[in-house]
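Let's take a friendly walk through this protein, one piece at a time. Keep the picture beside you and look for each part as it comes up.

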Amino acid sequence: MPIRPLKAVVGGLVALLALALGVPAAANAAPGDPAGVARVATVFPLTTPETRTALISAEALAGYTSPTGALTRDLDAVIDTSAAIAIDPMILASIRVLGTSAPQSALDWLSRLSQAPNETFSLTYADTDVTVGLQAGASSVIAPNSFDFAIDPTLFATPPAETPTATPDPEPTEPPRGTAPSLPTAQSLLSWDYTVPAIVWPVADTVITSDLATMVSSGFNTTIVNSGNIERTDRSKAMASLGSLSAVTTDDGLSQLFGDAIDAETMQQWESAVALLQPAVDASAAEGDAGGAAIVLAVDRTSLGTASRLRSTLAAIDALPSSDLASFSSVLDSARGDATITDRPQSPERVRAAQTLLTTEASDAAFASVAENPELITGERRLRMLATMSNAWYSYPGGWGSALALFESESVALHDSVRVVQSSPITLIADRGSLYITVTNELNQPVNVNIDVTAPTPLLAIEQSPVPLTIEPESQKRAAVPAQSLSNGTAVISISISSPTGDRIGTPTTVSISVYAGWETPITVALGVFVVGVFGFGIARLVVRRSRARRERAAGNAPVDESE
């Protein structure tokens with residue numbers, strides 16, 4: 001809303017008088033008569049409660065956008081006001097990815113939001129806690145990379161084209177077909193015609209100086225910082241330069257009073273809150289020079305569906321002689337003061353938790369290299385991590401612990417979906433043969449793996465390793481690993497699998513193997529035959545000699561010597 005003419009005239013007269021007397025206008029102003037008129041802008045986050053999923057479900061969306069749902073109440077409160085709306089892109093993507101199955105209430109809500117005259121800018125996906133990721137070691141402000149895992153082509157099919165039927169065709173023709181569906185992309189799911197681009201809004205009191213450069217390298221040119229997180233030389237200026245990054249400062253004290261008013265449950269509570277808010281705005285306006293002060297009020301992220309008195313509170317501020325409601329973009333264009341960040345690092349416990357999330361996601365991305373389409377895995381895991389790092393969990397710290405544990409358990413299950421099947425001991429009898437290794441794939445897409453077998457024993461030599469293997473979705477397949485037996489005995493071999501990029505999948509599996517060397521067995525048999533033959537020949541010769549001697553003695557009537 002523009003400055004009212006009377007205010008402009010009064011302010012101009014005071015300024016001229018101050019110049020004529022050579023003293024600041026504020027010094028000559030009567031108590032309670034501010035030197036200038038404060039421009040008051042408001043930023044309003046449009047978010048949803050915490051979630052453990054990559055996208056908001058259709059059921060949840062139907063509830064949030066119902067006539068009494070939280071998103072409906074928030075949009076009712078903020079639409080057609082001077083407040084700038086900070087939109088969580090997770091809401092946009094969750095509705096759009098459902099295609100023809102999206103709840104009608106969600107589609108209507110989205111259409112209504114698109115027609116709102118308010119200024120808009122984007123939050124990070126799932127309103128992610130930006131600085132905890134940066135302080136945990138992320139090289140950039142983390143963003144989605146793919147939604148392919150959630151896209152069902154049947155929900156985006158184009159209906160068949162109609163054909164004229166006035167004149168029957170004597171020749172049979174092929175029935176008309178629908179054109180190929182135009183599937184959404186990550187860009188189309190997240191796109192919005194934002195009026196204020198490239199703004200990042202960290203949670204209050206979490207920014208440190210080293211975060212700023214990473215915000216800039218991530219594509220942001222402006223950050224919103226609360227007054228307790230920044231030191232300003234001129235408190236009447238909401239804008240400041242922090243190197244190459246612009247900073248919008250929200251007033252902590254006024255924002256708290258403002259939140260008490262817009263969330264008031266009864267008229268009496270609202271009147272009491274406004275009675276505190278209005279003189280506080282007057283006092284802040286008085287700190288400005290003849291050009292007035294710039295004030296930015298931030299609606300708390302926990303005010304989901306409760307800001308029912310936003311419109312009346314803004315009207316109460318606008319009714320003050322000391323203030324006018326202003327657009328967010330006008331504050332962005334206002335004069336800047338000097339400022340430095342007052343470092344407010346995240347708690348060590350929260351940073352450690354974020355480091356675990358980042359490590360787990362990186363491990364999942366390495367595992368995904370076995371898949372024919374890795375983005376079907378990495379896209380979902382990235383969104384799940386962002387949802388787990390959402391600012392909404394600040395309102396539910398106990399639940400955040402269970403969300404962290406769930407993310408870890410899902411990772412364990414994912415890595416276990418491609419593994420070597422435990423088998424009974426392997427037997428290798430021939431001189432050369434194959435060791436058959438079975439690998440299972442529980443994913444819904446093909447995987448390509450390399451089977452690597454090591455035999456730390458002189459009994460066996462592996463002739464080829466690794467051996468490539470492709471396994472169809474939700475199936476098992478055997479790999480034949482060529483090997484040579486060197487000696488008889490029992491040994492233990494180690495079996496591991498890796499992706500085509502060389503990333504190790506799972507932990508190695510050990511299997512017992514019985515080896516019967518191909519060259520030892522024939523020789524042993526030959527020696528046995530030879531020994532048996534020698535003994536047999538000797539016994540046969542002795543029998544023949546004794547028989548012949550008996551016949552000779554019998555013919556000459558000589559007595560038989562039984563000792564021969």
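In this predicted model, the side chains of strand β9 alternate: Ala294, Val296 and Ala298 point one way, while Ile295 and Leu297 point the other way, and all are buried. With five of its five residues buried, β9 (residues 294-298) is largely enclosed by the rest of the structure.

Strand β9 has a partner. Five bridges join β9 to strand β1 (residues 38-46), and the two run parallel. You can pick out one spot in this pairing by finding Thr42, which lies in β1 and stands opposite Leu297 in β9. Is Thr42 buried or exposed? Its relative accessibility is 0%, so Thr42 counts as buried; the cut-off for buried is under 20%. Leaving aside residues up to four places away in sequence, Thr42 touches Ala83, Ala84, Phe258, Leu297, Val299 and Leu314.

**A sheet with a helix across it**

Next, find an open sheet of six strands, arranged in the order β4-β5-β8-β7-β11-β6 with mixed pairing. Its edge strands are β4 (199-200) and β6 (230-232), each of which pairs on one side only. Inside this sheet, strand β7 (residues 239-242) and strand β8 (residues 245-250) run antiparallel and are joined by four bridges. Here Met239 stands opposite Val248 in β8. Helix α9 (residues 209-217) lies across β4, β5 (222-226), β7, β8 and β11 (336-341), and runs at about 120 degrees to β8.

**A hairpin**

Further along the chain, strand β19 (residues 489-498) pairs with strand β20 (residues 504-515) in the antiparallel sense, over nine bridges. Gly489 is opposite Val515 in β20. How many residues lie between the two strands of this hairpin? There are five, and Gly502 in the turn has a positive phi of about 95 degrees.

**Two packed helices**

Two packed helices are described by the angle between their axes and the distance between the axes. Helix α5 (residues 89-96) packs against helix α6 (residues 104-114) at an angle of about 130 degrees, and their axes are 10 Å apart. That angle makes α5 oblique to α6. The crossing of the two helices α5 and α6 is left-handed. Where they meet, α5 brings Ile91, Leu92, Ile95 and Arg96, and α6 brings Ala106, Leu107, Trp109 and Leu110. Sorted by class, this contact has seven nonpolar residues, no polar ones and one charged one.

**Backbone details in the loops**

Some residues with a positive phi are not glycines. Here are two of them:

| Residue | Phi |
|---|---|
| Ala126 | about 65 degrees |
| Asp205 | about 60 degrees |

Ala126 is in the loop between β3 (120-122) and α7 (130-135). With a relative accessibility of 4%, Ala126 counts as buried. Asp205 sits in the loop between β4 and α9, so you can find it beside the helix and sheet strand named above. Its relative accessibility is 37%, and Asp205 therefore counts as partly exposed.

One more loop is worth a visit. Which two residues are joined by a cis peptide bond? They are Ser465 and Pro466, with omega at about 5 degrees. Pro466 lies in the loop between β16 (460-462) and β17 (467-471).

Technical notes. Residues are numbered from 1 along each chain as its sequence is written. This is a predicted model: local features need pLDDT of at least 70, side-chain atom pairs count only at pLDDT 80 or more; totals for chains, interfaces and linings use all residues. Side-chain values use heavy atoms; hydrogens and water are left out. Axes are lines fitted to C-alpha atoms, for helices over the stretch in contact, and angles run from 0 to 180 degrees between N-to-C directions. Angles under 35 degrees count as roughly parallel, over 145 as roughly antiparallel, 65 to 115 as roughly perpendicular and the rest as oblique. A crossing is left-handed if the near helix is turned anticlockwise from the far one by less than a right angle, and right-handed if clockwise. Contact means heavy atoms within 4.5 Å. Ala, Val, Leu, Ile, Met, Phe, Trp, Tyr, Cys and Pro count as nonpolar, Asp, Glu, Lys and Arg as charged, and the others, Gly among them, as polar. Buried means under 20% relative accessible area, exposed over 50%, partly exposed in between (1.4 Å probe, protein chains only). Two strands pair if DSSP finds at least two bridges between them.
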